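Here are my notes on the model you sent round. I've gone strand by strand and then helix by helix, so keep the viewer open while you read.

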Amino acid sequence: MAVFFTADTHFGDVHILRQRGHLFASIDQHDETLVANWNAAVGPEDEIWHVGDFAAHAERAHCAAIFSRLNGVKRLVRGNHDSNRVLDLPWADSPVESARLTLRDDGREWRLFLAHYAHRAWPGLWRGARHLYGHTHGTLPDTTRSCDVGVDAWDYRPMRLAALVARQDASTLVPEELARDRAAGQESEGIRPRPTPSATSS
């Protein structure tokens, strides 16, 4: 059984075409493409965590029809657009506001913190926990410990943890709490800290 992550599918949301209309001519084409991409990656026995905004502005029947076509054991971390028509779907467990889990992948144990909104600090950060979020539609830069798992950031398909971690490891942006601690440690040893990369440009 493999474990996948995704977010911000926005099934049935005609308003999402303001952002994705250059790729999809209609919301029907959008939904069909995302369903096909999901099922090409996720098998019936695989587990998938959806980190919020499964659907928006869609009829209850449409949400249920899309859900029934998607492979996998599906779990939801609630997003800001996930109303009762989404929350009432037959998720494997009751939807949650956030999740802390431990996952074994490629022979290594990973601690994860999942939330729809991106956090600048999160539970377990100091002990190596990785943060997976949605909501930002690929607009926030990755850090060495966090990234957006939404479809806009991942070619409109769910991803395995190995790919998510690889992208985090390639980032040069260190979460602020870790950067501060490293700087303090270097100063105490008489080492001048290197500047922390800035997320803003002048």
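1. Start with β5 and β6 (residues 130-133), which pair in the parallel sense over 4 bridges. To find the register, look for Leu112, which stands opposite Arg130 in β6. Bear in mind throughout that this is a predicted model.

2. On to the other partner of β5. Strand β4 (residues 98-105) and strand β5 (residues 108-115) run antiparallel, joined by 8 bridges. Two of the pairs are worth clicking on: Arg104 has Glu109 as its bridge partner in β5, and Asp105 is bridged to Arg108. The hairpin of β4 and β5 has 2 residues between the strands, and there Asp106 takes a positive phi near 55°.

3. Now put those pairs together. β4, β5, β6 and β7 make an open sheet of 4 strands in the order β4-β5-β6-β7, and the pairing is mixed. The edge strands are β4 and β7 (146-148), each of which pairs on one side only. On average, neighbouring strands of this sheet are turned by 25° against each other, direction ignored. As a reminder, strands of a sheet pair through backbone hydrogen bonds, either parallel or antiparallel.

4. What lies across β4, β5, β6 and β7? That is helix α5 (residues 161-170), which runs at about 110° to β6.

5. There is another open sheet to look at, with 4 strands in the order β3-β2-β1-β8 and, again, mixed pairing. β3 and β8 (159-160) are at its edges with a single partner strand each, so each has one side left without a neighbour in the sheet. Within this sheet, strand β2 (residues 47-50) runs parallel to β3, and 4 bridges join them. For the register here, take Trp49, whose bridge partner in β3 is Arg75.

6. Helix α3 (residues 60-69) deserves a closer look. Which of its residues are buried? They are Cys63, Ile66 and Phe67. These residues lie on the same side of α3, because they cover an arc of only 100° around the axis. The spacing fits the usual rule: an α-helix has 3.6 residues a turn, so residues three or four places apart point the same way. Ala61 and Ser68, on the other side of α3, are exposed. As for what the buried residues pack against, the list is α2 (27-41), β3 (73-76) and α4 (84-87).

7. A word on cysteines. Cys63 counts as buried because its relative accessibility is 1%, under the 20% cut-off. Cys147 is buried as well, with a relative accessible area of 0%. If you were hoping for disulfides, the count comes to 0, taking a disulfide as a pair of cysteine sulfur atoms within 2.5 Å.

8. Finally, the whole chain. The protein has 6 helices and 8 strands, which follow the pattern β-α-α-β-α-β-α-β-β-β-β-β-α-α along the sequence. The C-alpha trace spans about 65 × 40 × 30 Å along its principal axes. The radius of gyration is 18 Å, which agrees with the value near 17 Å for a compact globule with 202 residues. Of the 202 residues, 48% count as buried. Contacts reach along the chain too: among those between residues at least 6 apart in sequence, 60% join residues at least 24 apart.

Definitions and conventions. Residues are numbered from 1 along each chain as its sequence is written. This is a predicted model: local features need pLDDT of at least 70, side-chain atom pairs count only at pLDDT 80 or more; totals for chains, interfaces and linings use all residues. Side-chain values use heavy atoms; hydrogens and water are left out. Buried means under 20% relative accessible area, exposed over 50%, partly exposed in between (1.4 Å probe, protein chains only). The arc is that of the directions from the helix axis to the C-beta atoms. Contact means heavy atoms within 4.5 Å. Two strands pair if DSSP finds at least two bridges between them. Axes are lines fitted to C-alpha atoms, for helices over the stretch in contact, and angles run from 0 to 180 degrees between N-to-C directions. The radius of gyration is taken over C-alpha atoms; the globule rule is 2.2 Å times the number of residues to the power 0.38.
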